[in-house]
Every structure is written in structure tokens, then in C-alpha cells.
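Colleague: Hi, I'm new to this one. Could you walk me through it?

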Amino acid sequence: MDCVSECTSRVPFRKQIHKLIQSKFKDLPLSPALQARLDAAGFTIPTPVQDAAIPHGLAGKDIVATAQTGTGKTLAFLIPAIERLLKNPAKKPQVLVLVPTRELAMQVHEQYENLRGKLPQAALVIGGLAEKRQIDSLRRGARVIVATPGRLEDLHKRKLADLRAVELLVLDEADRMLDMGFLPAIKRIVASLPVQRQTLCFSATMPVGIAELVKQYMRSPERITLGSALKPALTVSLQAFEVGPTEKLDTLRQLLYAEKGQTLVFARTKRGTERLARNLIRDGFNAAMIHGDRTQAQRTRALSDFT
């Protein structure tokens, strides 16, 4: 299946098991309840970013980690977050996870739900879903909020999201949030949080905007760098084709006929995404589209069919 996407969409990551890592999750100082949930979920050996970040997270230190997408960063911050919740019960949100897109928020939320055990459900605060359900989840005593900045800021301004008790802030895919223009919203949200908190920042690259956030909002963070923060992953092969505007579609068709398997195509605009998807479907390709004007059900179905 081919998935045509506006540039803000994201392919769900696949967990990678690195056999060269000798440490195991069972060696970490985790509560029996969390150890049992990890074992039940099949997590035994941490990836490099998990191995490097989790001990610092458990120790309460701020972290700035740069690693490629798909290296297991979600578990690297969820394990310290869940351990904190197990040791420090409260009735207000203690953990806030900010992510750039609805799809990533749903993935993080699902991972938390798989590991939370008897902890309360997390509040999923994103656009595209019924607002009432999100507000109800906040009022029911959710201790974890997984949110996109725009929707969370809207609810916070309306005094529907209480952030005064947040002890742990996670900025996931921070570089993408900055690329999407969320820096002002992030700054306003962070300004409303307690000054005394732990902050974990995970990113594939380290642009100037993130360096500014680190300097302004973090306290002597542990820096973790795996791979290059500027180059693509080693598993990615880059090729460039110089073609005229009228030749793009024909070139894409030739590539799709030549390359077997799934293909993710990015377009510059929502209208361009729809036009390209229609052309591919007309040519016999099994294509779906994702962009900001699609309903959440349509976006979720497209991703589900693609993976």
C-alpha cells in the first residue's frame, strides 16, 4: 500500500532489539509491578537509548537525548514516568508528555496503557477527537497527560487542564514540534508548570530552538547522543532526481513500479496530497492519504492499513 502524506505525518516506529546490549530490564531498580508489566509485554533487553537514559531518568535527572526515530525513545521516558507514579501517588496530573502529532500521541498513550497496570488511565489531549471525552478523562483524575501543544494550551487557557502538580515534563520529538511552529505554545505551557520538576527532552536532531529550550528550562541535563544528530540513519539510502514540475508524477510512477513494497510519499500541501492520492488510485495503486483536514478515524485507518 502507498500512503500519501502531508509533511507533518509520521510512520509508527518499530521496536528494535539490539543484541549487543548486555544489560536487561530486570537488572534495573524497578518496582515488581512494573517489572511484571515489562515482562508480560515482552521487553527484556533495552535499546541503546533506553539503556543510556532510563538510569538517569530514575535518578530524577534532566535529560537531553538525541537519537534517530525508531530507537525506542518512548520506553526510555515511560519507564521513569511510571516508576515515579508508583512511588508518589497523587490525584492531579504528575506527568506531562508533549508530542508533535496526534498519531504519535496515540502511540505513546497506547504504550502507557499497556504498561500502567493498576495506575489510572492517561488523558489523551489531541485535536480530532471528541473534546468532552478528553475533558472527562482530566476530571477523572488522570495522572498522566499525553498531548499535542495546541489542544493542551487551549484546554489550559479555559482552566480545564490543571498543570500545577506536574513533576515530570517530557518533550518527545522536540525537533519536529519546533518545525511545526509549536515553540511559542511550548514556552507558554512550560511557563505554567512548577519550576521544580524533572524535564526529559528527546529529539532526532539538535536545532537552535531546542538548545534555547535546554538552556532556559533544564537544570544541568545529562546529554545522550546516539548516532549523528545531523545525518540520517545509516539504514536510510538517499537518492535525488532532478525533474521538471510536469515530470514529477511520471517519475513517481516509474519509481513505484520499480520498487516493491510499501512507499511513503510526502506532499507540500493538503490539496497536493489529495490530488496526488487520486492520481495514484486512478493508476491502479492502493493509496491512502493523511493530512490535517482528514478526520482522526480516516488518519488512523490509513496508518493501520499502511503498517
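Modeller: Sure, one term up front: angles under 35 degrees count as roughly parallel, over 145 as roughly antiparallel, 65 to 115 as roughly perpendicular and the rest as oblique. This is a predicted model, where local features need pLDDT of at least 70, side-chain atom pairs count only at pLDDT 80 or more, and totals for chains, interfaces and linings use all residues. Residues are numbered from 1 along each chain as its sequence is written, and side-chain values use heavy atoms, leaving out hydrogens and water.

Colleague: OK, at what angle do α10 and α11 cross?

Modeller: Roughly 50°, with the axes of α10 (residues 248-258) and α11 (residues 270-282) coming within 12 Å. Helices here are DSSP runs (H or I, at least four residues), strands likewise (E, at least two), numbered from the N terminus. Axes are lines fitted to C-alpha atoms, for helices over the stretch in contact, and angles run from 0 to 180 degrees between N-to-C directions. So α10 and α11 are oblique to each other.

Colleague: New topic: where is Lys-159?

Modeller: Lys-159 sits in the loop between α6 (149-157) and β6 (168-171). Its phi is positive, about 60°, although Lys-159 is not a glycine.

Colleague: Is Lys-159 buried or exposed?

Modeller: Exposed, with a relative accessible area of 75%. The cut-offs are under 20% for buried, over 50% for exposed and partly exposed in between (1.4 Å probe, protein chains only).

Colleague: And what about Glu-173, buried or exposed?

Modeller: Glu-173 is buried, at 2% relative accessible area. Glu-173 lies in the loop between β6 and α7 (174-179), and its phi is also positive, near 55°.
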